[in-house]
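Open the structure in your viewer and keep the selection tool at hand. The stops below say what to select and what is there.

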Amino acid sequence: MTASRQAPLATLRRIANSRPAPVTAERCEMCAETVAERHQHVVNLRSRALMCTCRACYLLFTDPAAELRYRAVPDRYLSFPDFRLDPARWDEWQIPVGLAFLFTNSAADRTVVFYPGPAGATESELPVDAWEAVTATNPALRVLAPDVEALLIRAPGARVGDGFACHLVPVDVCYELVGLLRRTWRGFDGGQEARARLTEFFAMVAARSRPAS
Ligand SMILES: [Zn+2]
Ligand SMILES: [Zn+2]
């Protein structure tokens, strides 16, 4: 039986069973307090590791101007309805799939592009001026916070009139997406299940996003 002909309940169960395991056993990685399954994260700016936190620990690291080793991952989602990207530039990035995320690493002082696939996230070699060129065309993207937020860029679909879509998302959501695709990716293009999960993922991002001013 193909996935599309399965009963909705079976499909739901399959999704529930393949949920990512919590990064820790429901404990704050800073103070060992119990946390709910849905909880917040901070980034360790030296190791780049994502840490599960309770609300109290999370709040210690929300000031983006503080000189701290950890930084709280904000929960904002933004859309950029006027986003423009030259298809020639996208080709230059050599992304083999229809999806990429951009992320600024403050320690290395550079912006990198990753794309998800069967091996997890792969970094693409970016021309040095790539980020400057994209923000010159789209100054609204400069709100991107280093280390804790990412820009998710989706290439146009097959429909006539589609353009590149761009959203700003919390960086922990990108980790979730990468894990999800690693578990479901089949073959060259990801296959039916990975594509279905991506569609769900983009629907969630679109529902949570408000337009960037
Ligand atoms: Zn804590
Ligand atoms: Zn966590």
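Start in the loop between β5 and β6 and select aspartate 109, which is found there. Aspartate 109 has a positive phi of about 55 degrees, although it is not a glycine. Is this residue buried or exposed? With a relative accessibility of 69%, aspartate 109 counts as exposed.

**The whole chain**

Now zoom out. This is a predicted model, so colour the chain by pLDDT before going further. The average pLDDT of the protein chain is 83, and 86% of the residues score at least 70. Where is confidence lowest, and where is it highest? The lowest mean, 39, belongs to helix α1 (residues 8-17), and the highest, 98, to strand β4 (residues 78-79). Select residues 1-24 as well: pLDDT stays under 50 there, and the model has 19 contacts for this stretch beyond four places in sequence.

Switch to the cartoon view. The protein chain has 6 helices and 10 strands. Of its 213 residues, 42% count as buried. Among contacts between residues at least 6 apart in sequence, 56% join residues at least 24 apart. A surface view would show about 12,200 Å² exposed, with carbon and sulfur atoms supplying 54% of it.

**The sheet of 7 strands**

Select the strands in the order β7-β6-β5-β8-β9-β4-β10, which make an open sheet of 7 strands with mixed pairing. Strands β7 (120-124) and β10 (210-211) stand at the edges; each has a single partner strand, so one side of each is left without a neighbour in the sheet. Strands of a sheet pair through backbone hydrogen bonds, either parallel or antiparallel.

At one of these edges, look at β6 (residues 110-117) beside β7: the two pair in the antiparallel sense over 5 bridges. To find a matching pair of positions, select valine 113 and then serine 124 in β7, which stands opposite.

**Two helices by the sheet**

Next select helix α6 (residues 191-208). Which strands does this helix touch? Helix α6 packs on the sheet and touches β5 (99-105), β8 (149-154), β9 (165-170) and β10. The direction of α6 makes about 120 degrees with that of β8.

Within helix α6, pick phenylalanine 202. Phenylalanine 202 has a relative accessible area of 10%, so it is buried, the cut-off for buried being under 20%. Show the side chains of Leu99, Leu152 and Arg154, which phenylalanine 202 touches when residues up to four places away in sequence are not counted. Try the distance tool on leucine 152: its C-alpha atom is separated from that of phenylalanine 202 by 9.7 Å, while the two residues are 50 apart along the chain.

Move to helix α4 (residues 130-137). Which of its residues are buried? They are Ala130, Trp131, Ala133, Val134 and Thr135. The cover over these buried residues includes α3 (87-93), β5, β6 and β8.

**The sheet of 3 strands**

Now select β2, β1 and β3, which form an open sheet in that order, with antiparallel pairing. Here β2 and β3 (70-72) are the edge strands, each with a single partner, so one side of each is left without a neighbour in the sheet. Direction ignored, neighbouring strands of this sheet are turned by 35 degrees against each other on average.

Strand β1 (residues 40-44) pairs with β2 in the antiparallel sense over 4 bridges, and valine 43 stands opposite leucine 50 in β2. The hairpin of β1 and β2 has 5 residues between the strands, and in this hairpin arginine 48 takes a positive phi near 70 degrees. On the β3 side, 3 bridges join β1 to β3, again antiparallel. One position to select is asparagine 44, whose bridge partner in β3 is tyrosine 70.

In a regular strand the side chains alternate between the two faces of the sheet. Show the side chains of β2 (residues 50-53): Leu50 and Cys52 point one way, Met51 and Thr53 the other way, and all are buried.

**Cysteines and a last loop**

Stay on cysteine 52, which is buried with a relative accessible area of 0%. Cysteine 31, in contrast, is partly exposed, at 41%. How many disulfides are there? The count comes to 0.

Finish at alanine 32, in the loop between α1 and β1. Alanine 32 has a positive phi of about 70 degrees although it is not a glycine, and it is partly exposed, with a relative accessible area of 42%.

Conventions: Residues are numbered from 1 along each chain as its sequence is written. Chains are lettered from A and ligands numbered from 1 in the order in which they are written. This is a predicted model: local features need pLDDT of at least 70, side-chain atom pairs count only at pLDDT 80 or more; totals for chains, interfaces and linings use all residues. Side-chain values use heavy atoms; hydrogens and water are left out. pLDDT is the predictor's confidence in each residue, from 0 to 100. Contact means heavy atoms within 4.5 Å. Buried means under 20% relative accessible area, exposed over 50%, partly exposed in between (1.4 Å probe, protein chains only). Accessible areas come from the Shrake-Rupley method with a 1.4 Å probe; for residues, only the protein chains shown count as cover. Two strands pair if DSSP finds at least two bridges between them. Axes are lines fitted to C-alpha atoms, for helices over the stretch in contact, and angles run from 0 to 180 degrees between N-to-C directions. A disulfide is a pair of cysteine sulfur atoms within 2.5 Å.
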